[in-house]
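Biologist: Could you take me through this one? I'd like a close look at a single part, and then whatever helps to place that part in the rest of the model.

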Amino acid sequence: MAKKVHLTPMLDELEKGPWPSFISGIKRLRDEHGDERINGVANSLLGQLEHSYETRKGYWKGGTVSVYGYGSGIIPRFSEVAQAFQESREFHTLRVQPPAGNYYTTDMLRQLGDSWEKFGSGLVTFHGQTGNIMFIGTSTENTQHFFNEINEYGFDLGGAGPCVRTGMSCVGAARCEQSCADEMRIHRTLLNNFTDDVHRPALPYKFKFKVSGCSNDCMSSIERSDFAIIGTWRDDMKVDQQAFKDYVAKKGRQHTIDNIITRCPTKALSLNDDDSLEVDNRNCVRCMHCLNVVPKALSPGDDKGVTILIGGKRTLKIGDLMGTVIVPFMKLEDEEDFEALTELAEEVIDYWAENGLEHERCGEMVERIGLVNFLEGIGVEVDPNMISETRTSSYVRMDDWDIEAKKWFDRKAGQKKAS
Amino acid sequence: MQGQRTPIESGCPDGFQYMHPTMRKNYGNWAYHEDPRPGVLKHTSRSGEAIYTVRAGTQRILDVLTLRKLCDIGDQYAEGYVRFTIRSNIEYMVADGNKVEPLIEALEKEGFVVGGTKNSVAMISHTQGWLHCDIPGTDASGVVKSMMDELIEDFKGWNMPNRVHITTSCCQINCGGQGDIAINIQHTKPPKINHDLVANICERPSVVARCPVAAIRPALVNGKPSLEVDEKKCICCGACYPPCTPMQINDPENTKLAIWVGGNHSNARSKPTFQKLVAAGIPNNPPRWPEATAIVKKILQTYKDNARDWERLSDWIERIGWPQFFELTELPFTKFHVDNWRGARRSLNASTHIRF
């Protein structure tokens, strides 16, 4: 390469040590890639990054870049120090929705890599924090070309800005025995119902769907999503008593008591004298701990469904919020069940779009207006599974107590009749 | 925009087409799993078929040449089917158990790190930092690389009482999310305002609305419409910077790292928990941030020595109490650890439950 190579004494320190180095990777693009454009972009990027390391400041600014027909999916980046680092002056990221569950063939990864080196920097991340494939670094013009090419073979942009964002689902039924739901179907049903809201930001702020197949919640959906769908079951958990006894025989009683029996959050487990396991299923909260310890002996029940929580988010603006249960249990088997799920999501998003303030997450709106007003807005009845304790403040008006109590008894009677 | 191509709004692609045939065939029919060795999972279906997974850590910011190398390994030693975990590890799935050892060997030969399963220190989830973010207080990839260099044996082995998820974030918005240990930027001074630029760049009412403590108000400065910050009220969160970059919050000296512990996404045993502050004022010290790594290592070692099997960091602290946590880790407990945000009284001890 004839051009001047930026010196990177600080970044070079990150080539030392046993963990794979991203700096070595960018240098490979600079020194070994066959395309001079990519060599130049990598050199320029390393120069700017070294400058950041020296001065301890970032030098990218946003802007407006999108592809034709969309208003979302690109993170525009223009360099504030472009004069010194010309070739990475425009360095936009494309957020691309991965296949649900993040499955790829090596052929598909190669195809994506080939398209990306035609138009981009050659740097990519599987995946960003929201769950997108992050194609990091291309010019305004090539953003469109790259999108056109991958869109032809089945990939579409994800969300950025105040819109429905790319979803996430765990490995789930494809490989995990704890899965209580068809995560991929839930993920795709919801996301692809809101495609318009992904591509055209018109909501108060971001809205995230995340799907976990069980309450281990590997997708952190309660903490990190506005709409969390988590697999669960409502009949008895399954116990293979012989397998459990084998486990006790191998590990010992003390281990079993210390690591399984006494760790149950609702004291629903008991070790029988013959080393079989007794489960108080009525008081099991499906926390997954004992199933995690002895997956060979303990499994979810057969009557599977999902729990739905609304309003998880991080700090900005009012502080961290966990999601809140709004549907304790919902079957998700046939077409009708999935339609009911989609309708609920539409109700939630519509109500929030109408009532949320600018830059206010759904959970923040619930905090501001109260859960009951929100539930009335989306047409969901209150349920004691939605709370961890009842009201402690007596400063409240309860004028319609009798009417509300009657509603509860009528609903209970209806449920009894239905079952 | 004549002649422009209309996008195909295909949304989220179907994962089945890229899924290993054994996984497709046994979808929803898995019976149990075993952990033959760190970094390897074996799932057995009710049909009797099994699938092996080999998990490897990478540099996350992948160059296409490295991506191709990972694909080559997948074609030569595995069966051409991969996926990525939420923490950006690559997973190779093979139906033939005999392929596992040669696959591990091939990955390790190329410098990838096999591990990250069960009670290991998982790959640190991270954000973009100086490489790509518009509001980064620090770099993420560099912090993670430096830290993983030191934690690599705990990634490769099952050394911890339970799994440990570490996260990093380059600003207080915390895109890195909740972790058993989180290393996040904490700004320590209010933003410095470039009053010449505010009127041209910022939509002032939305900047005012963005402040969590109502410390920003419109003002005329040197005859120009601008914004001013009540510096006594300001919590230095940086929330005004994204919508108004002339309110520069990043600063080479006053941008520090803070460490939080006990965030846990899982419902196993206890309900999910948020991470809590344990250390702050740590120098933002590129290229290798040794001060932050030293504290993380100290916390990990203490947790490893003292926690019981299956206790996540949050479970362990819940059992031993905060006074003991600070005693064991030798970190200072200060007035800044006492929360004063909304609902903070719930975090105070309203009992006589005290360990002596």
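Biologist: Let's start with chain B: what distance separates the centres of domain 1 of chain B and domain 3 of chain B, taken over C-alpha atoms? And please dwell on domain 1 and whatever it leads to.

Modeller: Sure, and keep in mind that this is a predicted model. The centres of those two domains, taken over C-alpha atoms, are 51 Å apart. The domain assignment puts domain 1 of chain B at 16–114, domain 2 at 129–188 + 252–337, and domain 3 at 192–235.

Now for the close look. Take helix α2 of chain B, residues 64–76. With 13 residues at 1.5 Å a residue, α2(B) should span 18 Å, and the 18 Å between its end C-alpha atoms agrees with that. Several of its residues are buried, namely Val64(B), Thr66(B), Leu67(B), Leu70(B), Cys71(B), Ile73(B) and Gly74(B).

Next to that in the numbering comes strand β4 of chain B, residues 62–63, and here the other chain joins in: β4(B) pairs with strand β6 of chain A, residues 123–126, in the antiparallel sense over two bridges. One bridge partnership links Leu62(B) in β4(B) with Val124(A). Zooming out to the whole interface, 106 residues of chain A are in contact with 94 residues of chain B. On the chain A side, the top contributor is helix α4, residues 106–119, which gives seven residues. Sorted by class, that side of chain A has 45 nonpolar, 38 polar and 23 charged residues.

Stay with β6(A) for a moment, since there's a backbone oddity to look at. The peptide bond from Phe126(A) to His127(A) is cis, with omega near 5°, and His127(A) is found in the loop between β6 and β7 (133–136) of chain A. Chain A has another cis bond, from Leu316(A) to Lys317(A), with omega near 0°. Lys317(A) is in the loop between β15 (304–310) and β16 (324–330) of that chain.

Those last two strands take us into a sheet. Five strands of chain A form an open, mixed sheet in the order β8-β9-β10-β15-β16. β8 (168–169) and β16 of chain A are the edge strands, each with a single partner strand, so one side of each has no neighbour in the sheet. At the β8(A) end, the pairing with strand β9 (residues 209–212) of chain A is parallel, over two bridges, and Ser169(A) has Val211(A) in β9(A) as its bridge partner.

There are phi values to check as well. Most residues other than glycine have a negative phi, and most peptide bonds are trans. Asp275(A) has a positive phi, near 70°; Asp275(A) lies in the loop between β12 (269–271) and β13 (277–279) of chain A. With 15 other C-beta atoms within 10 Å, Asp275(A) is partly exposed. Back in chain B, Glu330(B) isn't a glycine either, yet its phi is positive, about 60°. Glu330(B) sits in the segment after α9 (322–329) of chain B, and with 9 other C-beta atoms within 10 Å it is exposed.

And for the backdrop, chain A as a whole: 15 helices and 16 strands, with a C-alpha trace spanning about 80 × 60 × 40 Å along its principal axes. Buried residues make up 49% of its 419 residues. Of the contacts in chain A between residues at least 6 apart in sequence, 65% join residues at least 24 apart.

Definitions and conventions: Residues numbered from 1 in each chain as written. Chains lettered and ligands numbered in written order. Predicted model: local features only at pLDDT ≥ 70, side-chain atom pairs only at ≥ 80, totals over all residues. Helix = DSSP H or I, 4+ residues; strand = E, 2+ residues; numbered from the N terminus. Expected span 1.5 Å × (residues − 1). Buried ≥ 20, exposed ≤ 12 C-beta atoms within 10 Å, placed from the backbone. Contact = placed C-beta atoms within 7 Å. Nonpolar A, V, L, I, M, F, W, Y, C, P; charged D, E, K, R; others polar. Pairing = 2+ DSSP bridges. Domains from an automatic or database assignment.
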